[in-house]
Amino acid sequence: MGLEIVRQQSLQELGKRSRLWFHEDISNVLKTNTGSEKIEGIFLNLFHLQETIDFTTQAFAGMSKLRLLKVYQSDKISRNSEDTFKKENFKVRFSSNFKFCYDELRYLDLYGYSLKSLPNDFNAKNLVHLNMPCSHIKQLWKGIKVLEKLKCMDLSHSKYLLETPNLSRVINLERLVLEDCVSLCKNFGNLEMLKELYADGTALRELPSSLSSLRNLEILSFEGCKGPPSASWLLPRRSSNSTGFILHNLSGLCSLRKLDLSDCNLSDETNLSSLVYLSSLKDLYLCGNNFVTLPNLSRLSRLEHFRLENCTRLQELPDLPSNIVLVDARNCTSLKNVSVRNVQSFLLKNRVNRVLNVIWALEMITPGSRLPDWIRYRSSDKEVIAELPPNWFNSNFLGFGFANVVPKFSSYRNFACSVYCCLFDSRSSDITHGFKVIPYLSYARFYNPWLKLDHVELLYVPLSSFSDWHPWDHINWYQVTHIKAFFRCLEFPEVMRYGIGLVYMIQFGSISSASSPPNKSTVVLTEIHDEEPSGSVDGSELDNSGYYTADEGNQLKLLALRIRLNQRCSHRNA
């Protein structure tokens, strides 16, 4: 309907319509220089364009009210340099002195812009969005431009760009995209209001010191920054350097929610201890780096998603905060074990949101070819039945664990399981309740590498996740006698193993299901046996386990575990 309304504005004279969408119409107006002040927007999709269109100063001279100029490629831009090169814009020729009236311009998108810079007199004071991917720009502009309304700038895949422009008077810039600007190696200017910075695949070798004080920055991504490019931009960048990516003090980034330093050649010499100052951080991606150890991250109280896949030298997971939802350690082939401290916050997570009969599970993925010992109910078939012992449900019960072993050479995108669970009680052989367990991030699987080793995927559902069920859907756990779980996964050439485990919190010494913890207690997690767990732990075991004491009034913030995960990499089991 909108297109027809615009067409009716001028049936015969295309240059007097407010917007031009069809490349035939745009080509006609530019060739005949019939553009007028009526034109406010031009939207040229290069994907289906067969002929070459010339953008000249004369053709745009009459468009004094132009507000939107968008020259774009509708198909997705590839991260591969050669693919991007093949998709360069050879369908629009910009004259060497190309300029137009910028007074009313709000949105400028010039895919494949072929000139080395914008015109010297470029002064689009009303510009809000500047998008120039796959351009030939070396320097966007010279000197200082007053663009106080500009909020978004995208120069991604501009392989000749050497440095960012002077942004000292672009005071409200919030989003800057420099992804795959492979020649970019110089520092950034003043970006006080910046909220998002994407500099993936650039030639930067260190986190610019000017960024360390950006109090409004929320997203910072430097994935694949390994130093200057090779002599030819078409050849792969050097895979490593002597120092790796350098981190400066990060304490000023008080609003940072997401940090991606994947494939930056980070090592133990990198100042990784500065990560602990990122108090607002929710997502931390450190994939494909060379460190052996990581600092204690338990102070990052808001951290939820922690990705470490393909860190082949990492030997041990760091301590993590209680808010963690996902730990992804795929292909961490040197990972020796998952220690007690690593998983205590993970398994003691209080709650995962529930939608209808779907429960989102916390997820941990680590190398290993065995199910953890506490996953007691096991099967090589996708259906697992847990016949529960008497008094299995008591005040110490924390939640359910579901685990499966995925063989090496499997695709990670496909192996994540969902679990369909049915509950049965002592009164009937019929199903009393059913629910579906899904990994918290199953809707957003990341890129698709093959697994180099067998991996264990652990899903954990806290008991508190069921607390918001409707009254008519209430579960009487005391009457549940067995659980049947069906793992829904894609088929693999090798047999996978599946299992269910019950997670408990127990105090030292003799206990019963009716007892309550004393004011000061040390708590552990353990697997259930045919009888209710009981017994004591001698002092020597306590000394070596890293157990903590905690006030019940403080909700047992420091908890210790006694889970024997016995997950070891397959090369250690060989």
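Contact here means heavy atoms within 4.5 Å. The model shown in every view is predicted.

**View 1. The whole protein chain.** The chain comprises 574 residues, and 52% of them are buried. Its secondary structure amounts to eight helices and 29 strands. Among contacts with a separation of 6 or more, 57% join residues 24 or more positions apart. The accessible surface is about 26000 Å². Carbon and sulfur atoms contribute 48% of that surface.

**View 2. Helix α2 and its packing partners.** Helix α2 covers residues 23–32. Its buried residues are Asp25, Ile26, Ser27, Val29 and Leu30. They pack against three strands, β1 (19–20), β2 (41–45) and β3 (53–55). They also pack against helix α3 (57–60). Asn33 comes just after α2 and has a positive phi of about 55°.

**View 3. Arg93 on strand β5.** Arg93 sits in β5, which spans residues 92–94. Its relative accessible area is 49%, so Arg93 counts as partly exposed; the exposed class begins over 50%. Beyond neighbours within four places in sequence, Arg93 touches Thr52, Ile53, Asp54 and Phe55. With Asp54 there is a side-chain polar contact of 2.7 Å. Leu115 is 22 residues from Arg93 along the chain. The C-alpha atoms of Arg93 and Leu115 are 9.5 Å apart.

**View 4. Ser267 in the loop between β12 and β13.** Strand β12 covers 258–260 and strand β13 covers 283–285, with Ser267 in the loop between them. Ser267 is buried because its relative accessible area is 13%, and the buried class is under 20%. The Ser267 side chain makes a polar contact of 3.0 Å with the side chain of Glu269.

**View 5. The second largest cavity.** Rolling a probe the size of a water molecule over the atoms shows where empty space is left. Three cavities of 30 Å³ or more are counted in this model. The second largest has a volume of about 50 Å³. Aromatic names in its lining include Phe98, Phe100, Tyr102, Tyr113 and Phe122. Leu108, Leu110, Leu118 and Pro119 also line this cavity, as does Lys99. By class, the lining holds nine nonpolar residues, no polar residues and one charged residue. Lys counts as charged, so Lys99 is the charged member of the lining.

Notes:
Residues numbered from 1 in each chain as written. Predicted model: local features only at pLDDT ≥ 70, side-chain atom pairs only at ≥ 80, totals over all residues. Heavy atoms only, no water. 1 Å grid on protein atoms, 1.4 Å probe; cavity = no way out; pocket = protein on both sides within 12 Å on 5 of 7 lines; lining within 4 Å. Points joined across faces, edges and corners; volume = space filled by probe spheres on them. Helix = DSSP H or I, 4+ residues; strand = E, 2+ residues; numbered from the N terminus. Buried < 20%, exposed > 50% of the residue type's maximum accessible area, 1.4 Å probe, protein only. Areas by Shrake-Rupley, 256 points an atom, 1.4 Å probe, with all protein chains shown as cover. Polar contact = N/O pair within 3.5 Å; in protein donor to acceptor, adjacent residues only side chain to side chain.
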